[in-house]
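Reader: I am new to this structure. Please take one part and look at it closely. What surrounds it, and what lies beyond?

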Amino acid sequence: MKKVISGHQPNVLNDTITNLGQSLGATAIGFSDLTILPEQKRMGFDRAITILVKLSDGILNQIGEEPTQTYFSHYRSVNRLLDDISLRLLLTLEAQGYPSVAIPASQSVADPDDPYTGAFQHKTAAVLAGLGWIGRSALFVHQRYGPRVRLATVLTNGPLAVGEPVTASACGSCRVCVSACPAQAIEGQLWTPGMRRNQLYDAFACSQQMKEAYQHIGRGAVCGLCMVRCPIGQ
Ligand code: SF4
Ligand code: SF4
């Protein structure tokens with residue numbers, strides 16, 4: 001597994017978490033300072049650990065004009081792996097005296113402004129950790145693996161060294177995901193820090209596409225065309 005920790009000084013707790021996470025299957029682990037976010041958004045925690053697992057190229061490359069059942073199953077399997085790794089990291093932190101919270105890989109809560117968002121947005125922590133940026137598609141885009149990743153987060157107050165946040169999109173003039181989306185859900189804007197997700201894409205239109213066009217494949221995932229067509233990580 002490749003070790004990806006950007007821009008911070010070595011720290012014993014960072015190394016413990018990184019080594020454990022990678023031994024359990026994480027592709028990369030990132031660390032971020034959350035204190036620029038409102039306290040309520042970060043549940044009172046100052047630090048986040050991002051767990052990243054790369055999706056299978058073999059499975060993603062089978063997606064042509066629509067998602068496959070294999071992808072749908074893989075998506076859920078990777079979410080389970082992320083949740084298992086998060087739990088193990090959380091237990092390790094708590095055994096060292098740092099109460100922590102693991103945010104599930106896939107979780108929606110009732111936010112009246114953005115009903116398809118999670119309790120804490122994993123990609124916010126991943127960007128603050130310096131692992132990548134937010135694409136025009138509103139997906140997190142890892143510097144090496146592109147959007148072909150899934151994320152989970154552990155919130156903690158453990159004394160962790162942190163990465164250097166990414167503050168600009170690297171999508172450039174690319175608009176591949178905008179053209180690829182069958183629901184015309186992607187607005188085409190370049191991400192800047194602080195932008196709300198609904199300025200980038202219409203989560204309702206995306207969800208409806210999955211429900212209406214791909215019901216035979218399964219509910220609870222996204223179609224993935226914006227992810228597989230992105231040139232970064234192919
Ligand atoms: S998952 Fe599919 S419908 Fe949703 S934004 Fe991406 S391409 Fe569009
Ligand atoms: S397809 Fe292009 S515009 Fe869309 S996220 Fe990837 S690099 Fe950015």
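**A close look at the shell around ligand 1**

Author: The shell around ligand 1 has ten nonpolar residues, two polar ones and no charged ones. Nonpolar here means Ala, Val, Leu, Ile, Met, Phe, Trp, Tyr, Cys and Pro; Asp, Glu, Lys and Arg are charged; the others, Gly among them, are polar. A shell residue has a heavy atom within 4 Å of the ligand. This is a predicted model, in which local features need pLDDT of at least 70 and side-chain atom pairs pLDDT 80 or more, while totals for chains, interfaces and linings use all residues. Residues are numbered from 1 along each chain as its sequence is written, chains are lettered from A and ligands numbered from 1 in the order written, and side-chain values use heavy atoms, without hydrogens or water.

Here is the shell itself. C181, P182, A183, I186, Y201 and C206 belong to it, as do Q209, V222, C223, G224, L225 and C226. Helix 7 and helix 8 each supply at least two of its residues. Helices (H or I, at least four residues) and strands (E, at least two) are DSSP runs, numbered from the N terminus.

Now follow helix 7, residues 203-213. Its buried residues are A203, A205, C206, S207, Q209 and M210. They pack against helix 6 (197-200); contact means heavy atoms within 4.5 Å. C206 counts as buried because its relative accessible area is 18%. The cut-offs are these: buried is under 20%, exposed over 50%, partly exposed in between, with a 1.4 Å probe and protein chains only. At the start of helix 7, a side-chain oxygen of D202 comes to within 3.1 Å of the backbone nitrogen of F204. Such a polar contact pairs N or O atoms within 3.5 Å; within protein, one must be able to donate a hydrogen and the other to accept it, and residues adjacent in sequence count only if both atoms are side-chain atoms.

Before helix 6 comes a loop. T192 sits in it, between helix 5 (176-180) and helix 6. T192 is partly exposed because its relative accessible area is 45%. W133 is 59 residues from T192 in sequence, yet 9.1 Å away in space, C-alpha to C-alpha.

Compare the other ligand. Around ligand 2 are G135, R136, S137, C171 and C174, along with V176, C177, C230, P231 and I232. That shell splits into seven nonpolar, two polar and one charged. C174 is partly exposed, because its relative accessibility is 26%. Many cysteines have been named, but the structure holds zero disulfides. A disulfide is a pair of cysteine sulfur atoms within 2.5 Å.

Next, the interior. The largest nonpolar core has 32 residues, and I17, I29, I49, I51 and L89 touch the most other members. Helix 3 (69-95) is among the elements giving two or more residues to this core. Helix 3 gives the largest share, eight residues. A second, separate core of 29 residues includes A28, A126, W191 and C206. A nonpolar core joins buried Ala, Val, Leu, Ile, Met, Phe, Trp, Tyr and Cys residues through side-chain atoms within 4.5 Å. C206 thus appears in both pictures: the second core and the shell around ligand 1.

Last, the whole. The protein has eight helices and six strands. Of its 234 residues, 52% count as buried.
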